[in-house]
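Welcome! Open the structure in your viewer, and let's walk through it one selection at a time.

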Amino acid sequence: MQTNEGPVFWEQIQGCPQGSCSGPAFWNIVADEILSVQWPQGVHLQAFADDFAFIVTDNTREGHRKLSKLALDELKEWANKNKLHVSMGKSSYVVFSKIVRGPMIKWGNQSISRKNHLKYLGATVDHKLSWLPHVIEQGKRAMDQYQHLCRIAGKLGASTKTSEGYCIKKL
């Protein structure tokens with residue numbers, strides 16, 4: 001960084017504290033480099049905060065493998081350059097294709113797990129794009145919240161304040 005007294009260098013070896021004011025701005029500076037890469041046709045990088053998703057399209061299994069390798073090698077180089085760690089436990093891929101045997105996708109020498117569905121930004125997407133796993137998951141969450149509300153309300157039910165006073169409703 002350039003200051004009035006000349007350039008100042010700081011080697012950052014750990015991330016910003018969770019919830020810091022400057023964290024998102026620093027992340028945007030770092031992430032801008034990988035988001036500005038001109039990817040080949042068939043490769044698209046989507047990001048939201050620190051969640052990245054590649055969408056890779058090709059007509060063949062080998063084409064998927066090659067494009068995925070190219071994209072992940074570039075991402076790995078960027079991550080290494082910026083001393084970032086990518087969690088393989090949180091990384092997976094899904095194949096939206098009639099290709100029965102999808103490509104083996106690796107991060108360096110480590111295989112990334114293939115799933116029939118994955119969750120990205122709160123939406124569960126399955127390999128058939130049916131949205132059924134997402135609807136089931138949302139139904140479970142709604143039922144859990146309903147049961148939690150019932151436990152809170154107890155035998156008397158929930159009370160709400162109205163303009164005339166309090167009203168107790170049985171659930």
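Begin in the interior: select Ile34, Trp39, Leu72, Leu75, Trp107 and Ile112, the residues with the most contacts inside the largest nonpolar core, which has 17 residues. Such a core is a set of buried Ala, Val, Leu, Ile, Met, Phe, Trp, Tyr and Cys residues joined through side-chain atoms within 4.5 Å; buried means under 20% relative accessible area, exposed over 50%, and partly exposed in between (1.4 Å probe, protein chains only). Next, color strand E3 (43–48) and helix H2 (61–81), each of which supplies at least two residues of this core. H2 gives the most, with six residues. Helices (H or I, at least four residues) and strands (E, at least two) are DSSP runs numbered from the N terminus.

A word on what you are viewing: this is a predicted model, in which local features need pLDDT of at least 70, side-chain atom pairs count only at pLDDT 80 or more, and totals for chains, interfaces and linings use all residues. Residues are numbered from 1 along each chain as its sequence is written, and side-chain values use heavy atoms, leaving out hydrogens and water.

Now zoom in on Trp107. Leaving aside residues up to four places away in sequence, Trp107 touches Leu72, Leu75, Lys76, Val86, Met88 and Ile112, where contact means heavy atoms within 4.5 Å.

Return to helix H2 and pick aspartate 73. Is this residue buried or partly exposed? Aspartate 73 counts as partly exposed because its relative accessibility is 32%. Add glycine 108 to the selection: the two are 35 residues apart in sequence, yet 7.3 Å apart in space, C-alpha to C-alpha.

Finally, zoom out to see the chain's three helices and twelve strands.
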